Amino acid sequence: MEIKLTKREQRIFDYMLEFGSITSLQSFVDLGETRLSGCIFQLKKKGINISTEFRDVKNRFGEIRRIKEYRIG
């Protein structure tokens, strides 16, 4: 069965395939997409297995912030 993706969903799916994962910042900077979590929700709803991992990163003030990183599989 073929899964029908919108152009937006396909771009995010392809990005994860090419780079291994995607974060909200990467989605915004590289793809111009501001609602990554909504798109991930739709991809999961369509049956695509996407895992979520939390990562700690430092912001420009040296403070630790937790972000989500999405991967296929």
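# Questions on a predicted model

Q: In which strand does Ile67 lie?
A: In this predicted model, Ile67 lies in strand E2, which covers residues 64–72.

Q: Why does Ile67 count as partly exposed?
A: The relative accessibility of Ile67 is 25%. Buried requires under 20% and exposed requires over 50%. The value for Ile67 falls in between, so the residue is partly exposed.

Q: Which residues is Ile67 in contact with, leaving aside its neighbours within four places in sequence?
A: They are Thr23, Glu53, Phe54, Arg55 and Val57. Contact needs heavy atoms within 4.5 Å. For Glu53, the C-alpha atoms of the two residues are 8.3 Å apart, and 14 residues separate them in sequence. The contact cut-off applies to heavy atoms, so a C-alpha distance of 8.3 Å does not conflict with the contact between Ile67 and Glu53.

Q: What makes E1 and E2 a strand pair?
A: DSSP must find at least two bridges between the strands. E1 (residues 50–58) and E2 have 9 bridges, in the antiparallel sense, so they pair. In one of these strands, E2, Glu69 is the bridge partner of Glu53. The hairpin of E1 and E2 has 5 residues between the strands, and Gly62 there takes a positive phi near 80°.

Q: Why is Thr23 called buried?
A: Thr23 has a relative accessible area of 6%. The limit for buried is under 20%, therefore Thr23 is buried. Thr23 lies in the loop between H1 and H2. Not counting residues up to four places away in sequence, Thr23 touches Leu36, Arg55, Ile67, Lys68 and Glu69.

Q: What makes the aromatic pair of Tyr15 and Phe19 tilted?
A: The structure holds 1 aromatic pair. Its rings belong to Tyr15 and Phe19, at 4.5 Å centre to centre and with 40° between the planes. Centres within 6.5 Å make a pair; planes under 30 degrees apart would be stacked, and over 60 edge-to-face. The angle of 40° meets neither of those limits, so the pair is tilted.

Q: How are Tyr15 and Phe19 placed in helix H1?
A: They are 4 residues apart in H1 (residues 7–19), so about one helical turn separates them. Tyr15 is also buried, because its relative accessibility of 9% is under 20%.

Q: Which residues of helix H3 are buried?
A: In H3 (residues 36–45), Leu36, Gly38, Cys39, Ile40 and Leu43 are buried. The cover over the buried residues of H3 includes H1, H2, E1 and E2. H3 is followed by Gly47, which has a positive phi near 100°.

Q: Why is Leu25 called exposed?
A: Leu25 has a relative accessible area of 61%. The limit is over 50%, so Leu25 is exposed. Leu25 is found in helix H2 (residues 24–31).

Q: Which residues make the nonpolar surface patch?
A: Leu25, Phe28 and Val29 make a patch of about 340 Å². Patch residues need over 30% relative accessible area. At 61%, Leu25 is over that limit.

Q: How many helices and strands does the protein chain have?
A: There are 3 helices and 2 strands, and from the N terminus on the elements run α-α-α-β-β. Of the 73 residues, 27% count as buried. The C-alpha trace spans about 45 × 20 × 20 Å along its principal axes. The chain exposes about 5,400 Å², of which carbon and sulfur atoms supply 52%.

Notes: Residues numbered from 1 in each chain as written. Predicted model: local features only at pLDDT ≥ 70, side-chain atom pairs only at ≥ 80, totals over all residues. Heavy atoms only, no water. Patch = residues over 30% accessible without salt bridge, like charges linked within 9 Å, V, L, I, M, F, W, Y side chains within 5 Å. Areas by Shrake-Rupley, 256 points an atom, 1.4 Å probe, with all protein chains shown as cover. Salt bridge = Lys/Arg side-chain N within 4 Å of Asp/Glu carboxyl O. Buried < 20%, exposed > 50% of the residue type's maximum accessible area, 1.4 Å probe, protein only. Phe/Tyr/Trp six-rings, centres within 6.5 Å; stacked < 30°, edge-to-face > 60°.
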